[in-house]
Amino acid sequence: MKLESIPITLTRCAKTFRGTRVLEPLDLTIGAGETLVLLGPSGCGKTTTLRMIAGLETPDAGGRVAFGDEDVTALPIEHRKVGMVFQNYALFPNLDVRGNIGYGLKIQRVSAAHVRTRVDELLAMMRLEAHAAKPITQLSGGQRQRVALARALAPRPRVLLLDEPLTALDARLRDALRGEMNALLRELGVTTVYVTHDQAEAMELGDRIVVMSAGRIEQIGTPREIYYQPASRAVAQFVGTLNRIAGQWQGGMLRTSGGAVPAGTARTTGAAELYFRPEDAMLADPAAAHLRGVIEQATFLGERTRLTIGGAAPDALLVDVAGRVELARGTPVGISIAPEALIALA
Amino acid sequence: MNSLVNPTAPGMHDAPGQPPATRRRLALSSARAWLACAQWVVTLATCAFLVVPVAMSIIAGLTVNYFRGAASGLTLRWLDQVWTQYHSSVFLSLEVAAATLVITLATGVPAGYALARSRTRLSRLIEELLVLPVALPGLASALALLVVYGGFSAFRMSAAFIVVGHVVFTLPFMVRPVAAVCASADLRTLEEGAASLGATFVQRFTTIVLPNARPGIVAGALAVLTLSIGEFNLTWMLHTPDTKTLPVGLADTYASLRIEVGSAYTILFFLMTMPLLVAMQWLGVDVPGTGSKRRNAGTQNENKDSE
Amino acid sequence: MHDLTFPLRWRVALVAPALAVFLAFWLLPMVALVQVSADGHLIETYRALLTNGRYMKSLGATVALSAAVTAATLVISTICGLLLARRAFAGRRALVALLTFPLAFPGVVVGFMVIMLAGRQGLIGALSLRLTGERWVFAYSMAGLFAGYLYFSIPRVIVTVMASASQLDASLEEAARSLGASSWRVLCDVIVPALAPGLVAAGAVCFATAMGAFGTAFTLATDIDVLPMTIYTEFTLNANMVTAAGLSIVLGLVTWAVLTLARSMTGGAVAATA
């Protein structure tokens, strides 16, 4: 099923609730057919942004929301033709599964025969045929999620908005559904805005990710850009784990307590910090490695072992190595880091 | 614990060498038994206090001669007599109750929803205002109505005058349960969901809000009907010889007629209200004058994700 | 949060009918009643009322009766309510139904019940005749009224107590028992304080209902000296609208004062139960 899709533009959209500014003026452009993920901790303003696109909140004066060429800022949600999936699904308890999925079509006064055909189509697509006549109280969490999706998609929306749709499910189910969600969004090709606080969902589902914090956009980029070139400390710390090396520039290298690391780009002098991800460091022979330290802790996590190494840099460093490694506390080790894996933050 | 008291005989729990612990345990359990016994006595005595006169009046309404008791034989002539004399009061009570219900549904359900969804100071004030006719004595409300509308004799002499009094008195009992149901956070999300699918306010109200508020509406309706049928304080002051409701008729017969007739009339009253009360009990409805929470009618099937 | 799914014009439209009914048929009439009661001179009329010995005696009797009923009802209902809510036994639902079905009886019917029990041909009279040789007839006095008010108050408060008791936190009692408290102590130190807000609210409603009750007194006799009866006689027998109006306002104010006091002690629970 392919849906018509349009680009979305937010211009200078801010939001104030009861005197508190929850969203600073932001500009955002979402391409037609793109899946954009709004990622951030709770309270960062991502849900508010989503609700502004939906039409459930109006931006403060001066803000503008456009779908394609149409200015929809003053248009209420009933007329925006968006499909929305809520965090707790908001399924209507007084209607059965069929009734829920067909609700949007009934509102549009589509003929009963057409409603039936379309609902059948969605039941098949979401593998819900067996549950079609059930009241929603008899559905499991995963089934409800699929009904909520089917309901949002039935009236052929031009924009799909998802507010943490997987958060209400338990972890194992969430992992399974994430892949299905990805496949579905690719197939639909509709402009999608997806809100989540889960990094794995953002990475897997987003064409681009918008990392938000405290009402501001911290960074917009592809998953790789966000992960390998975080623009700020907030972004870097929210996405994955980060190690910090603090030292002094000397002769093109950053000198620190356990050694020196060469940086890819030239620097002058003075105190500085460089960062790297735990999986980008390798254990090496202490004599030849960039940094030397001592193992303080080794945590076996199944597919990898996380080593906490002290003495190599002012802070303890976390290094991930493949699982089949056993190292005792107190073992001296060396760490090498590829220059391109070093991250400099503003 | 026993081994601490008698370390030399760990297996002999009933040994007479442990009187302090056993005695204390016995004393505790007998104190508890005393309390339980006293509770039962009070409860059963209260039950008797409440139920015995009802049973007596039912029997009295069916016996030939109350003073001789059931030995004098059972008869339906008192019921017959009451019906011939007072059936109009029964019908009037039903009509007034029905009219009251219609008006409270039309005014109270929307108001309940609006007040539940507007958590402002003004809405709280309005809620408290609406409760005043119940908190303050019915006599005052009746006198007030007479003062203002007593002059419009067509209105004053009609049953509509009584309906008006009943509506003002029963409105909070419709507004409150409806507001309680509508206040759940889920309803607001449901409305947003419906709005996202294109439904206008009227469509949302009729297809989503009203069906999901049904438990509150039913609870309110039962309460309104029961209260209206039994209402006396207001009605006595407002009635005319042409507009006698059932409780007003009851007061007449208690004062002037044989006890058997009064009992028969009371039986009629029981017959009218009992089904309503049973329905309310069965649905776990918030009974008027108590403010108790509804028991959860209909279990929510919390399926664990088992895919 | 500004709610876009419920615009202001709809809020007003939905509340307006109920408010209109309320204004037209209660609020404005009550204002008119106050005016009538003032009879041109608000302060003097009310001062005369409040210093009139007969009326104040009547008010005092009403308050005393209502307070006594409230106290007795709370004790009895707590005992019954706790038993019903916390012990499972065969026939519990039936017992609950029996204890709560008199809830909706109007005052007149309750009066009749009291006559059945304590009237000239009443059950208690017959029993006492057999036991002591003297027939106890107290239906047509304050004692009868007391019994009547008990009759309609107990079921209501039992329901409230049951609801509150079902929400008690068992872990608090278990903690007390683990520290050595006896059943009696647990009752006094844990259960009653936990029930207290609900009891205060229920007691306030019970008091308010007893203050304004009319049907029961009317059925039992027209010369029991409670304020509603006094108001009634002033209005119907003496055609004294001004006094009747003034006394109703006084009655209303006293009742409202008690409810407000109770609400300030429990925080909002009372208005919801009134």
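# A walk through chains A, B and C

Start by selecting A:Phe17 and A:Thr20: the bridge partner of A:Phe17 in β2(A) is A:Thr20. What you have open is a predicted model, in which local features need pLDDT of at least 70 and side-chain atom pairs count only at pLDDT 80 or more, while totals for chains, interfaces and linings use all residues. To find your way, residues are numbered from 1 along each chain as its sequence is written, and chains are lettered from A and ligands numbered from 1 in the order in which they are written.

**Stop 1: the sheet around your first pick**

Widen the selection to residues 8–17 of chain A, which is strand β1; seven bridges join it to β2(A), and the two run antiparallel. Strands here are DSSP runs of E with at least two residues, helices are runs of H or I with at least four, and both are numbered from the N terminus. Two strands count as paired if DSSP finds at least two bridges between them.

Now add the rest: this open sheet has four strands in the order β2-β1-β4-β5 (chain A), with antiparallel pairing. β2 (20–30) and β5 (70–71) of chain A are at the edges with a single partner strand each, so one side of each has no neighbour in the sheet.

Next, pick residues 46–54 of chain A. This is helix α1, which lies across β1, β2 and β4 (64–67) of chain A and runs at about 120° to β1(A). Contact here means C-beta atoms, placed from the backbone, within 7 Å. Axes are lines fitted to C-alpha atoms (for helices, over the stretch in contact), with angles from 0 to 180 degrees between N-to-C directions.

**Stop 2: a mixed sheet in chain A**

Which strands make up the open sheet of six in chain A? Select them in the order β6-β7-β8-β3-β9-β10, and you'll see mixed pairing. Its edge strands are β6 (82–85) and β10 (216–221) of chain A, each pairing on one side only. On average, neighbouring strands of this sheet are turned by 15° against each other, direction ignored.

Zoom in on β7 (residues 159–163) and β8 (residues 191–196) of chain A, a parallel pair with five bridges. Within that pair, A:Leu160 has A:Thr192 of β8(A) as its bridge partner. Then add residues 141–153 of chain A: helix α5 lies across β6 and β7 of chain A, at about 170° to β6(A).

**Stop 3: all of chain A**

Zoom out. Chain A comes to nine helices and 19 strands, and its C-alpha atoms fill a box of roughly 80 × 50 × 35 Å along the principal axes. Try colouring 8–238 and 243–341 of chain A separately: these are domain 1 and domain 2, with bounds from an automatic or database domain assignment. Their C-alpha centres lie 40 Å apart.

**Stop 4: a helix in chain B**

Hop to residues 159–182 of chain B, helix α7. Its 24 residues reach 33 Å from first C-alpha to last, close to the 34 Å expected at 1.5 Å a residue; the expected span is 1.5 Å times one less than the number of residues.

Where does α7(B) kink? Click B:Thr170, shortly before the proline B:Pro172: the kink is about 40°, taken as the angle between axes fitted to the seven residues ending there and the seven starting there. Is α7(B) mostly covered or uncovered? Mostly covered, with 22 of its 24 residues buried. Buried means 20 or more other C-beta atoms within 10 Å of a residue's own, exposed means 12 or fewer, and partly exposed is in between, with C-beta atoms placed from the backbone.

**Last stop: chain C**

Finish with chain C, which has 13 helices and zero strands. Buried residues make up 47% of its 274 residues.

Methods: Contact = placed C-beta atoms within 7 Å.
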